[in-house]
Amino acid sequence: MALPALALCSRALIKIGAATIASFDEGTAEAEVAANLYPSVRDALLSAYPWSFATAQASLPRLAAAPIADYAHAFQLPPDFLRALSAGRSGQGRGVPYRIAENRLHADPPEIVLTYIFRPPEQSFPPFFDAALIARLAAEFVIPLTENTARAELMFRLAESEFRAARLTDSQQDTPLAVQDFSLIGARG
C-alpha cells in the first residue's frame, strides 16, 4: 500500500508513542518535528543505497561553459538528482571517469549517460522501504519529542535492522553482477 509523507510520519510517531498528525501545519510539536525532519531523513535514506525503485538513467545535456581544469565538458544534472552511481557513454551506463562539482557533472566525452539515485514520489516506495523509512523517522523523532536517549538508542538499532532487511529485499530484484575483465582470470588462460 502506497503511503503519502503524512502517513509515513504518523506511523513513525505511533512507534514512539506520540500523537499522530493530520497536517504538517497543524501547530503541534509532532507536526513541527515531522515537517522539519522528514525531507532530510527521506533523502538521506534514499541516498544511502542504490535502491532499484529510485535508480534511473538519463542522457545529460551538455553545458556551454566547460570546466576550468581536469575535464573537457560540464553536464547539467537532472532536477531530481540525489546521488551519482556511475557515468558512461551512449548505450552504456558506466565506465567513464567523472566528478560532481558545482552541481554539475564534469567528464571528457561529449555525451554522457548518468546512472543515479533520484527522489521518487512517496506513493512509489515499496513496502520494505516504507518500513525502513518509518523506523528511521521514529528514531529521529524520539529525542525532540520525548528527550529519552535510551529509547533513542533502541530506535536507532531497530532502524538499522530495518535498513539491512530492506537492502536485502531490494538486492534480490536484480541479476547479480558477474566479475568482468578481472586480470587474474584472464592471466590463467
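**Figure 1. Asn103 and the hairpin formed by strands E4 and E5.** In this predicted model, Asn103 is exposed, because its relative accessible area of 57% lies over the 50% that marks an exposed residue. Asn103 belongs to the loop between E4 and E5. Its phi is positive, about 60°, although Asn103 is not a glycine. Most residues other than glycine have a negative phi. E4 and E5 form a hairpin with two residues between them. Glu102, in the turn, has a positive phi of about 55°. Beyond the turn, E4 and E5 pair in the antiparallel sense, with four bridges.

**Figure 2. His106 in strand E5.** Is His106 buried or exposed? His106 lies in strand E5 and is buried, because its relative accessible area of 5% is under the cut-off of 20%. In the pairing of E4 with E5, Arg99 stands opposite His106. Arg99 is also one of the residues that His106 touches. Leaving out residues up to four places away in sequence, the others are Pro67, Tyr71, His73, Ala74, Pro97, Tyr98 and Ala101.

**Figure 3. The open sheet E2-E5-E4.** Three strands make up this open sheet, in the order E2-E5-E4 and with antiparallel pairing. Strand E2 (73-76) and strand E4 (98-101) are the edge strands, and each pairs on one side only. From one strand to the next, the twist averages 30°. E2 runs antiparallel to strand E5 (residues 104-107), and four bridges join the two. Within this pairing, His73 stands opposite Ala107 in E5. In a regular strand the side chains alternate between the two faces of the sheet.

**Figure 4. Pro61 in the loop between E1 and E2.** Pro61 is found in the loop that lies between E1 and E2. With a relative accessible area of 45%, Pro61 is partly exposed, because this value falls between the 20% limit for buried and the 50% limit for exposed residues. Which residues does Pro61 contact, leaving aside its neighbours within four places in sequence? They are Ala74, Phe75 and Gln76. Pro61 and Val113 are 52 residues apart in sequence, while their C-alpha atoms are 9.6 Å apart in space.

**Figure 5. The open sheet E1-E6-E3 and helix H2.** A further open sheet has three strands in the order E1-E6-E3, and its pairing is antiparallel. Strand E1 (55-59) and strand E3 (81-88) stand at the edges; each has a single partner strand, so one side of each is left without a neighbour in the sheet. The twist from one strand to the next averages 30°. Six bridges link E3 with strand E6 (residues 113-118) in the antiparallel sense. Among the paired residues is Phe81, whose bridge partner in E6 is Phe118. Helix H2 lies across E3 and E6 and runs at about 20° to E3.

**Figure 6. Helix H1 and its packing.** Which residues of helix H1 (residues 5-15) are buried? They are Ala5, Leu8, Cys9, Ser10, Ala12 and Leu13. These buried residues pack against helix H2 (29-47) and helix H3 (127-146). After H1 comes Gly17, whose phi is positive, near 80°.

**Figure 7. The crossing of helices H1 and H2.** The axes of H1 and H2 come within 11 Å and cross at roughly 120°. That angle makes H1 oblique to H2, because it lies outside the range of 65 to 115 degrees for roughly perpendicular and is not over 145 degrees, the limit for roughly antiparallel. H1 passes H2 in a right-handed crossing. On the H1 side, the contact is made by Ala5, Leu8, Cys9 and Leu13. Glu30, Ala34 and Tyr38 contribute from H2. Of the residues in this contact, six are nonpolar, none is polar and one is charged.

**Figure 8. Glu147 in the loop between H3 and H4.** Glu147 is found in the loop between H3 and helix H4 (149-171). Glu147 is exposed, with a relative accessible area of 68%. Although Glu147 is not a glycine, its phi is positive, about 60°.

Note on methods
Residues are numbered from 1 along each chain as its sequence is written. This is a predicted model: local features need pLDDT of at least 70, side-chain atom pairs count only at pLDDT 80 or more; totals for chains, interfaces and linings use all residues. Side-chain values use heavy atoms; hydrogens and water are left out. Two strands pair if DSSP finds at least two bridges between them. Axes are lines fitted to C-alpha atoms, for helices over the stretch in contact, and angles run from 0 to 180 degrees between N-to-C directions. Buried means under 20% relative accessible area, exposed over 50%, partly exposed in between (1.4 Å probe, protein chains only). Contact means heavy atoms within 4.5 Å. Angles under 35 degrees count as roughly parallel, over 145 as roughly antiparallel, 65 to 115 as roughly perpendicular and the rest as oblique. A crossing is left-handed if the near helix is turned anticlockwise from the far one by less than a right angle, and right-handed if clockwise. Ala, Val, Leu, Ile, Met, Phe, Trp, Tyr, Cys and Pro count as nonpolar, Asp, Glu, Lys and Arg as charged, and the others, Gly among them, as polar.
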